[in-house]
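Please look through the sequence and the model before reading on. The paragraphs that follow go from the terms used, through the chain as a whole, to a few chosen places.

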Amino acid sequence: IQVEIEPTAIGRFFPVDIGIFGDAGEVAAGLHTALAGHAVGAAARSWSNEFQRERRAMLEERDRAGVVAGDAPIQPGQLFRALRAVAPADAVYTLDAGTLCLQATDQLNYVQPPALFSPLDFGLVGFSYACGLGAKVALPERTVISLMGDGGFGMTASEIGTAVSCGINTVCIVMNNGCWGAEKAYQRDFFGGRYLGADVPNPPYDKLAELWGAAGSRVE
């Protein structure tokens with residue numbers, strides 16, 4: 001069953017048994033109304049219960065993986081765990097290209113749509129911060145959090161000036177590992193660790209933000 005607001009997309013890529021031309025939200029609301037008196041069968045209830053058990057176990061494991069003892073460098077899982085604990089329910093997240101997208105997409109809580117803006121596999125390095133500024137202008141009442149690697153942020157750091165001059169208040173978190181993470185991993189795994197142009201020199205981004213007139217913080 002495929003619901004599409006664009007009729008030519010129905011069955012375009014996959015065969016369908018039923019094609020519904022309509023807005024997904026309106027169709028879902030209509031189905032909910034139509035099925036209000038429907039009794040859930042035992043098989044469906046059993047499947048749903050098992051799904052909920054597996055989901056709880058996954059979330060618990062996700063939290064355990066975000067705990068790192070000692071004074072080791074911050075790992076992505078720690079950051080994501082901290083964000084889940086403090087970010088408000090209305091948070092809008094923007095992601096950047098590369099490894100960060102793969103790690104962050106299923107690590108954060110998306111409660112109030114629209115909540116996730118991601119370049120997916122389009123390779124738009126530097127996308128996240130600029131996208132976050134646009135999202136904040138469109139949704140000024142929402143909290144906007146942009147996640148970036150140091151390579152991607154280096155491409156778009158000048159947009160701090162846009163944010164300051166236009167009064168666009170978002171939060172940008174630069175996950176600084178001093179390298180192009182995906183490329184360095186490829187060079188490690190497929191080229192025997194022969195690294196070329198994989199490392200990124202970084203200024204103190206907290207000081208850079210302050211020079212632009214923004215608030216900057218550094219976490220070790």
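Helices (H or I, at least four residues) and strands (E, at least two) are DSSP runs that are numbered from the N terminus. By this reckoning the protein chain has nine helices and six strands, and Lys207, to which the text returns below, lies in helix H9. The model is a predicted one, in which local features need pLDDT of at least 70 and side-chain atom pairs count only at pLDDT 80 or more, whereas totals for chains, interfaces and linings use all residues. Residues are numbered from 1 along each chain as its sequence is written, and side-chain values use heavy atoms, with hydrogens and water left out.

The overall form of the chain comes next. The radius of gyration, taken over C-alpha atoms and set against a globule rule of 2.2 Å times the number of residues to the power 0.38, is 21 Å for the protein chain, while a compact globule of 220 residues would have a value near 17 Å. Along its principal axes, the C-alpha trace spans about 60 × 40 × 35 Å. If contact means heavy atoms within 4.5 Å, then among the contacts between residues at least 6 apart in sequence, 56% join residues at least 24 apart.

The surface can be described in a similar way. Accessible areas come from the Shrake-Rupley method with a 1.4 Å probe, and for residues only the protein chains shown count as cover; the accessible surface of the protein chain comes to about 14,200 Å², of which 60% belongs to carbon and sulfur atoms. A residue is called buried under 20% relative accessible area, exposed over 50%, and partly exposed in between (1.4 Å probe, protein chains only), and 27% of the 220 residues count as buried. For charges, Lys and Arg count as positive and Asp and Glu as negative, with His and the chain ends not counted, and the place of a charge is taken as NZ of Lys, CZ of Arg, CG of Asp or CD of Glu. The protein chain has 16 positive and 24 negative side chains, and the centres of the two sets lie 6 Å apart.

Aromatic rings offer a closer view. Rings of Phe, Tyr and Trp (its six-membered ring) pair if their centres lie within 6.5 Å, and planes under 30 degrees apart count as stacked, over 60 as edge-to-face and the rest as tilted. The count by this rule is five aromatic pairs. In one of them, the rings of Phe153 and Tyr205 have centres 5.2 Å apart and planes at 90°, so the pair is edge-to-face. This pair links distant parts of the chain, with Phe153 in helix H6 (residues 150-156) and Tyr205 in helix H9 (residues 205-212), 52 residues apart. Phe153 counts as buried because its relative accessibility is 5%, and Tyr205 counts as buried because its value is 13%. Ring pairs also join Tyr129, Phe153 and Tyr205 into a cluster.

In helix H9, Lys207 is partly exposed, with a relative accessible area of 45%. Its C-alpha atom is separated by 8.1 Å from that of Ser217, 10 residues apart along the chain.

The loop between helix H2 (42-65) and helix H3 (76-86) holds Gly66, and Val67 is found there too. Gly66 counts as buried because its relative accessibility is 7%, whereas Val67 is exposed, with a relative accessible area of 52%. Leaving aside neighbours within four places in sequence, Gly66 is in contact with Gly77, Gln78 and Arg81. Val67 and Ala82, 15 residues apart in sequence, are 9.8 Å apart in space, C-alpha to C-alpha.

Two other loops complete the tour. Ala36, in the loop between helix H1 (24-34) and H2, is exposed, with a relative accessible area of 63%. Pro114 has its place in the loop between helix H4 (99-104) and strand S4 (116-117), and the peptide bond from Pro113 to Pro114 is cis, with omega near -10°.
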